[in-house]
Amino acid sequence: MIIKRYIVKSMNEAMTRIRYELGSDAVIISQRKIRKPGLKGIFTKKVIEVTAATENKVDEQKKDVVSSFDAINKVVEHENKIKVNNRKLEESNKVVHRDATHAYEKGDNYSENIMNEMMKMKTMISNLASENKTCDSTKSDIEKILEDSDVDIETIKNIMIKVKDINLELTEYEKLKTVLKSMINVTSPKLEGRVVLAGPTGVGKTTTIAKLAGKLALVEKKKVGLITIDTYRIGAVEQLKTYADIMNIPFHVVYTMNDMEAAMESMSECEIILIDTTGRSSKNKMQIAELRTFVEKVHTENIHLVISATTKNKDLKYIIEGYQILHYNSIIVTKLDETSTYGSILNILNIAQIPLSFVSTGQNVPDDIKELSADKIVNLIVGEDTVC
Ligand SMILES: Nc1nc2c(ncn2[C@@H]2O[C@H](COP(=O)(O)OP(=O)(O)OP(=O)(O)O)[C@@H](O)[C@H]2O)c(=O)[nH]1
Ligand SMILES: [Mg+2]
């Protein structure tokens, strides 16, 4: 922070100087009328003392530049050290090689051993180098496509085996697409009766319920009711109630398991009752078990597990397995708009072995929800298509 005091005749003068010296972001901290210091001041007109301050941006920028230079210097220093070390290594190798050859020619046993060791090492190193080369060059184009799409490594291996097993007159790329399609299971879900959405926190369960309610009630003109059992998170009830109010559809909050039946009974005239649940971490088995007792009360086979496409590959397994006790029978993948790679859809379906019902592609209610065909998903994974 730079703080500066100005003695000026007018505020105009002060503003001009402050802007010029401290920049347009400067702020005036104080201003007061004073007499110029000293005896002379008593006889002259009062002047204005203005104090202004600004963030020390220039210094910050300088610091950034300096630290960038430092970083570059460090890299250069490091590179130089490596070069010097390599040169030293080369020199000493030459010396060892020369001495060993010399001793070998003289028939020295000890040196003969060294010579043999060296030859072995040389062969080992060249083998390793050629192995590395083969690894890179054997990574086929289709493997790279899968990697670029963030398909999980184990799944890539499986796909490659399946591709090799295809004995048809197809290009590798066509074989890849055939295999991918065989691994993608989609379903066109019948949205009727009681429908439950469950899944980890913040994946978009409530928003997806609102989108489904919008499509069903406003577009398909069906009688829809909304229930939430999410009384855990502050604002969760209001979030869904707001949507219910806008769409003018009945809405109930269920606080205890005993309320569940009554709430559903009160909506018996509805063709579809969409039930929102509390987001739970898949690590917390107790909470998921508690959720299960609620879901069991619903008596439905229409249970969707909601997972975000932005979930890390490593976490998918825990989520999919953690929620298995709810006996979900379809998957909804959300936030596809937040990723540019679509391998996550395959990773999710491959681990869960449960079909995909919907994907969501944005925050807009009710528009950003879609059903995707297996062909479309294949095209997304290989990078031929995008969701939006
Ligand atoms: N970009 C994007 N954002 C989404 C999508 N679906 C939901 N969201 C946003 O994700 C955030 C969380 O959405 P919610 O619907 O509240 O998620 P939830 O799973 O109900 O969350 P909890 O009830 O707290 O577990 C909100 O800001 C939504 O607008 C989507 O498909 N794409
Ligand atoms: Mg919610």
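Okay, let's start with a loop: Pro366 sits in the one between strand 10 (356-360) and strand 11 (369-370). The thing to look at there is the peptide bond between Val365 and Pro366, which is cis, with omega at about 5°. Before I go on, keep in mind that this is a predicted model.

While we're on backbone oddities, go to His299. This one is in the loop between helix 11 (285-298) and strand 8 (303-308). His299 isn't a glycine, yet its phi is positive, about 50°.

Right, on to helix packing. I've got three pairs to show you.

Take helix 8 (residues 205-219) and helix 9 (residues 236-247). Their axes come within 10 Å and cross at roughly 10°, so helix 8 and helix 9 are roughly parallel to each other. The crossing is right-handed. Who's touching whom? From helix 8 you've got Thr206, Thr207, Ile209, Ala210, Ala213, Gly214 and Leu218, and helix 9 answers with Gln239, Leu240, Tyr243 and Met247. Sort the residues of that contact by type and you get seven nonpolar, four polar and no charged.

Next pair: helix 12 (residues 313-322) against helix 13 (residues 343-352). Here the packing angle is about 35°, and the axes are 10 Å apart. This crossing is right-handed. Helix 12 brings Asn313, Leu316, Lys317 and Ile320 to the contact, while helix 13 brings Asn347, Ile348, Ile351 and Ala352. By type, that contact comes out as five nonpolar, two polar and one charged.

Last pair: helix 7 (residues 172-183) and helix 14 (residues 374-381). These two pack at about 125°, with 9 Å between their axes, and that angle makes helix 7 oblique to helix 14. The crossing of helix 7 and helix 14 is right-handed. On the helix 7 side, the contact uses Lys177, Leu180 and Lys181; on the helix 14 side, Ala374, Asp375, Val378, Asn379 and Ile381. What's the mix of types in the contact of helix 7 with helix 14? Four nonpolar, one polar and three charged.

Let me finish with rings. How many aromatic pairs does the count come to? Zero. There is a charge over a ring, though: the charged end of Arg280 sits over the ring of Tyr232, 4.4 Å from the ring centre.

So if you're pulling this up on your own screen, I'd point you back to the cis bond joining Val365 and Pro366, the positive phi at His299, and Arg280 over Tyr232. That's it from me.

Technical notes:
Residues numbered from 1 in each chain as written. Chains lettered and ligands numbered in written order. Predicted model: local features only at pLDDT ≥ 70, side-chain atom pairs only at ≥ 80, totals over all residues. Heavy atoms only, no water. Axes fitted to C-alpha atoms, helices over the stretch in contact; angles between N-to-C directions. Helix = DSSP H or I, 4+ residues; strand = E, 2+ residues; numbered from the N terminus. Parallel < 35°, antiparallel > 145°, perpendicular 65-115°, else oblique. Left-handed = near helix turned anticlockwise from the far one by under 90°. Contact = heavy atoms within 4.5 Å. Nonpolar A, V, L, I, M, F, W, Y, C, P; charged D, E, K, R; others polar. Phe/Tyr/Trp six-rings, centres within 6.5 Å; stacked < 30°, edge-to-face > 60°. Lys NZ or Arg CZ within 6 Å of the ring centre and 35° of its normal.
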